[in-house]
Structures are given as structure tokens and as C-alpha cells.
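Student: I'd like a close look at one part of this fold, the aromatic cluster and what surrounds it. Could you take me through it in one go?

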Amino acid sequence: MRLKQTLIATALLGLALPATAQNEPIVLKLAHSLPPISAAHTKFIVPWCEKIEAASQQRLKCQIYPAMSLGGAPAQLFQQVRDGVSDITWTLPGWTAGRFPVSEVFELPFFTADREGSSRALWDFVQKNAMSEFAGVKPIATWVTGPYVFHFRDKEVKTLADLKGMKVRAPSRLGNKLLASLGAVPVGMPVPQMPESLAKGVIEGALVPWEVVPPTKTHELTKFHAEVANERMMTAATMIFVMNQKKYDSLPADLKKVIDDNSGRDTSAWVSAQFAPSDVAAREMTVARGNTVYAIPQDELAKWDAASRVVTEEWIKEVADGQRLHDEAAALVKQYSK
């Protein structure tokens, strides 16, 4: 009789365990490189986490590790999420040169248009043509930044002749090629390394979007800021928000749906849009400080466009089926542009 009671109690306990375990929230380790005051952290990452927490009724939660607090260097973020060191990461493909040769087409000079439309175009392009570059991870969002701006320490640059020979921070492999085509000396480095390099004079200028300026104090380290854009951005970086594939696969179906519902083309456009107000605010802060903000004249900009076309020509030759991929990406940008 006692044995029967013991068996029944054990069976009931066994039934209760999964329910208890199911009530425990699944904590997702989310790593990125910028400080908690950055637009990426406050405007996009935290709100996205709040979305999935609410949609999952608190069964999914984020534990955010900003400023590389999970360890490693910014260029290692993609490998970390593939290896499961983090569950989700936000990073720039351009920090791992050669790993994203197809999707980097969106970083070509004077290629992308409005940020939300180009972000939708990038998502569609990646889904069709570049998923092999995302092996081991599940893309949540892929987007393009706002226009990159030149920030110079001590010199007002308005022409190619002014830029010639200057050491300027570049955002990516194609950013390096762009600067070289314009006569500058490209110095590749992730954003977190940029402030010290500016302060010490290792570089004379930097190429970053406005929203990066406040958290890196670039407005305090530079005096002149040259905007270079017309209906197309001179350059923009691609950004990705990805999840470890095994972690995603381990979720129950309803929680996978929560992630899926907060992923995709519209999520990519939404993420990109979150940075826009920060671009405006950073520009206004820089002007208010007394720094010189100006636009490269359109007649001069035509020369910059012509000089940088070699970068596109080389990319088309380097990448298998490059012309088709370039034309398809360009058509998507046009399709989604406002």
C-alpha cells in the first residue's frame, strides 16, 4: 500500500515539474558594443526586448550586455552569437571583413536611398541571396544606417583636394575602398576605438552617422562636420540583429512565434527608423556647441561620385554573379524608396 502511494506521489510530482519549469522565464543574453546611453540601446534594443516580453507574457526576457560587457571585442560579436556565448546580438557586418561579401552590396558608394526603404530592400535581398552568410544564426532584422558624415579634428574639408592624404576612420571594407578612391588614407576600426584615436591624433577624421556622435563624444573631439549626400547616401553601413539558431530552435512553438512576429522586413524598417531622431538631435547638439556643420557642394559631390565608381566596378568583378546581384539590390532600393 505504501509502495503504491509512493509511486502515485512520484508520478504527480513528475507531472508538476514541467509546469513549474514552464513558468520560469527564458532569459536571452543580448550583447552589443555601445554604451547604455547610445541610441541603439535606448531606442531600439530596450524597446524590442519590451515588445517580446509583453507578447510572451513575460516568458521571454532579455538580459542586456552593453559595451562588450559579456567580453571580447566588437569584431567578435557575430562569432559569439554563432557560438552561443550570447543568444542575440546587434553588430555591423563590416567589422568582419570578408564574411558578408554579398550583402555588403548595400554599402557601395551612392547606393542606398531613404533608410527605411533601403532597410526593407536589404531584408528581401538577404532572404533571397545571402542567407548562407547567416549560417548558425536567425536574422531578426537587417537594416541600413542613416547617411555617414565626415567629422574632422582641425580641418574644414570641402573638396577632394582638401581630403587628399588625410587619415580617416572607415566603417568597413568597402568604406576603406571608398576613402581610398577619394584620396584619403583609410584607417579601419570599430566605433568604440574611434574616440581615443581622434583624441591622440592617430586619425584626423572619422566617417560615422550622426547618432554615433553623442555616445562617443565625437562632437567634443572634432570641429568640422561635412555632410555628403543627395538623393543617395555617399555611404551607409549595414547592421544586423541576429539570434543563435540553436537557441531559437529550442523555444516552444508559441515563443518562436513571438520572435517571428518581431522579425522581418517591417521590423528592419522600424529599427532603422528608431535611429533617425537621434541623428537629428546629435546634429543639433553639434551645431549648438559651435562646431561647423556644412554640406559638400553638389557640383563637387559629382566629382566624389565619379571618383568612387571604381569601388562598385571592383565589387561587381570580385563577387560571383556580381552584376546580377548589384542590379537586383538596386531595383529593390528603387522599389522601396519613397
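Student: Let's start with Phe275: is this residue buried or exposed, and what is its relative accessible area?

Tutor: Happy to! One caution before we begin: this is a predicted model. Phe275 is buried, with a relative accessible area of 2%; the cut-off for that label is under 20%.

Now for the company Phe275 keeps. Ring pairs join Phe275 with Phe44, Trp48, Trp143 and Phe241 in a cluster. Across the structure there are 11 aromatic pairs. One of them is formed by Trp48 and Phe241, in an edge-to-face arrangement with 5.0 Å centre to centre and 90° between the planes. Because Trp48 sits in helix H2 and Phe241 in strand E10 (residues 238-244), this pair ties together parts that are 193 residues apart in sequence. Both partners are out of reach of the probe by the usual label: Trp48 is buried at a relative accessible area of 1%, and Phe241 is buried at 0%. Your residue enters with another pair, Trp143 and Phe275, which is stacked, with 6.4 Å centre to centre and 25° between the planes. Trp143 belongs to strand E4 (residues 137-144) and Phe275 to helix H12 (residues 265-288), so here the parts tied together are 132 residues apart in sequence. Trp143 has 0% relative accessibility and therefore counts as buried.

Let's follow the cluster into helix H2. Among the buried residues of H2 are Phe44 and Trp48, along with Ala39, Ala40, His41, Ile45, Cys49, Ile52 and Glu53. H2 bends by about 30° at Ile45, with a proline, Pro47, following within four residues. What about the length of the helix? At 1.5 Å a residue, the 17 residues of H2 should span 24 Å, and the end C-alpha atoms are 23 Å apart, which agrees. After H2 comes Gln57, which has a positive phi near 55°.

H2 also carries a covalent link. The search of the whole structure finds 1 disulfide, and its partners are Cys49 and Cys62, with sulfur atoms 2.3 Å apart. The link is left-handed, with -95° about the S-S bond. It connects distant parts of the chain, 13 residues apart: Cys49 in helix H2 and Cys62 in strand E2 (residues 60-65). Cys49 and Cys62 are both buried.

Just ahead of the helix, His32 is found in the loop between strand E1 (26-31) and H2. His32 is buried, with a relative accessible area of 0%. Leaving out residues up to four places away in sequence, His32 touches His41 and Ile45 as well as others, including Ile64, Tyr65, Pro66, Met68 and Trp90.

Trp90 brings us to the wider setting. The largest nonpolar core has 64 residues, and those touching the most other members are Trp90, Phe150, Phe152, Phe241 and Trp304. Helix H2 supplies the largest share of this core, 7 residues. A second core, separate and made of 30 residues, includes Val81, Ala121, Phe125 and Val311.

To put the pieces together: Phe241 is in the ring cluster and is also among the residues that touch the most other members of the largest core, while your Phe275 meets Trp143 in a stacked pair.

Methods:
Residues are numbered from 1 along each chain as its sequence is written. This is a predicted model: local features need pLDDT of at least 70, side-chain atom pairs count only at pLDDT 80 or more; totals for chains, interfaces and linings use all residues. Side-chain values use heavy atoms; hydrogens and water are left out. A nonpolar core is a set of buried Ala, Val, Leu, Ile, Met, Phe, Trp, Tyr and Cys residues joined through side-chain atoms within 4.5 Å. Buried means under 20% relative accessible area, exposed over 50%, partly exposed in between (1.4 Å probe, protein chains only). Helices (H or I, at least four residues) and strands (E, at least two) are DSSP runs, numbered from the N terminus. A disulfide is a pair of cysteine sulfur atoms within 2.5 Å. The expected span of a helix is 1.5 Å times one less than its number of residues. The bend at a residue is the angle between axes fitted to the seven residues ending there and the seven starting there. Rings of Phe, Tyr and Trp (its six-membered ring) pair if their centres lie within 6.5 Å; planes under 30 degrees apart count as stacked, over 60 as edge-to-face and the rest as tilted. Contact means heavy atoms within 4.5 Å.
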